[in-house]
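I opened this notebook to follow ring pairs and one helix contact through a structure that is new to me. The entries below keep the order in which I looked things up.

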Amino acid sequence: MFGISAARLHRIGMFDEPDEPVSVFHPVSSTKSPELIRRRRTIAVEDVSEVEGLRVTTPARTALDLRAELGCAAAFAAMEQVVRWHLLGDDEDLIFRLGYPAHLLDEVPGAVAALFAAPIDRLARGAKVAARLVSLASPLSESYAESRAAFNLHLLGLHDFVQQVNIADGSRLLTRLDFLFRDDRVALYVDGTQKYVDGGFDVMNKESRQHNRLLAMGYKIVRFKFNEVLDPKTFGQKLFFQAPELRRRCGKPLVL
């Protein structure tokens, strides 16, 4: 399997992916039925793994292939998830309890090279764009939505953000910011809805107190809903409307 079918099997996060037949690769035959698409395609043995007894492209190769099927933003989110799994594992509860290693980001270039360099070299097309995307991938995006937000920031030329920043209030931890521009003290949150379903008013009240305390500490807070991070134009308009000081921080935008 490859593409979206492989991503589903690997449990790579996607959003609104098309409901299509299972995609499999075959060295000599191409056929199509309502349940199965067989495409004549040769994939290097190094790019093939086995999941539940099925031959499937590796997570790294699958993330690269998603660019052709779902676009650069979705592929970038998949790349970030693959890097995160490689460095931290896939037990999110354990990651939350242990926190992030102090020198995690120092390991990212080596991890990205180990995961993606050879598969990118084997791509028939799109290698330059793929290399550009993986060079920006981070293990610190904790959700598909956060990866899409990071992608939007890179599109805008805002590359100097940091992620998952703990903010202390005296001797206690106040909150952890999804994104922070340190020099301007502008913090971004990407809100999912599930936490409010699970936590209800307790979560909302806690976040309200945190928000007010951050404002008192001199931070500017910009919150994004899930649907707002899916559209780079909407994301950029809201960001610069609420934090116009970030415009001067824009460097060379990500061009794909």
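I began with two rings in this predicted model, and I noted that Phe 161 and Phe 181 are both buried. Their rings form an aromatic pair that is edge-to-face, with 6.4 Å from centre to centre and 70° between the planes. I then looked up where the two residues sit: Phe 161 is in the loop between α7 and β6 (162–169) and Phe 181 is in strand β7 (residues 172–181), so the pair ties together parts that are 20 residues apart in sequence.

Next I turned to Phe 224 and Phe 235, whose ring centres lie 4.2 Å apart with the planes at 20°, so I entered this pair as stacked. Phe 224 belongs to strand β9 (residues 220–224) and Phe 235 to helix α10 (residues 232–242), 11 residues apart, and the pair thereby links distant parts of the chain. Both Phe 224 and Phe 235 are buried.

I also recorded that the count of aromatic pairs comes to six, and that ring pairs link Phe 15, Tyr 144 and Phe 226 into a cluster.

Tyr 144 led me to the helix contact, since I found Tyr 144 listed among the residues of α7 that meet α3, together with Phe 151 and His 154, while the α3 side includes Cys 72, Phe 76 and Glu 80. By class, I noted eight nonpolar, two polar and two charged residues in this contact.

Last, I checked the geometry: the axes of α3 (residues 72–88) and α7 (residues 144–155) come within 9 Å and cross at roughly 120°, which makes α3 oblique to α7. I entered the crossing of α3 and α7 as right-handed.

Key. Residues are numbered from 1 along each chain as its sequence is written. This is a predicted model: local features need pLDDT of at least 70, side-chain atom pairs count only at pLDDT 80 or more; totals for chains, interfaces and linings use all residues. Side-chain values use heavy atoms; hydrogens and water are left out. Axes are lines fitted to C-alpha atoms, for helices over the stretch in contact, and angles run from 0 to 180 degrees between N-to-C directions. Helices (H or I, at least four residues) and strands (E, at least two) are DSSP runs, numbered from the N terminus. Angles under 35 degrees count as roughly parallel, over 145 as roughly antiparallel, 65 to 115 as roughly perpendicular and the rest as oblique. A crossing is left-handed if the near helix is turned anticlockwise from the far one by less than a right angle, and right-handed if clockwise. Contact means heavy atoms within 4.5 Å. Ala, Val, Leu, Ile, Met, Phe, Trp, Tyr, Cys and Pro count as nonpolar, Asp, Glu, Lys and Arg as charged, and the others, Gly among them, as polar. Rings of Phe, Tyr and Trp (its six-membered ring) pair if their centres lie within 6.5 Å; planes under 30 degrees apart count as stacked, over 60 as edge-to-face and the rest as tilted. Buried means under 20% relative accessible area, exposed over 50%, partly exposed in between (1.4 Å probe, protein chains only).
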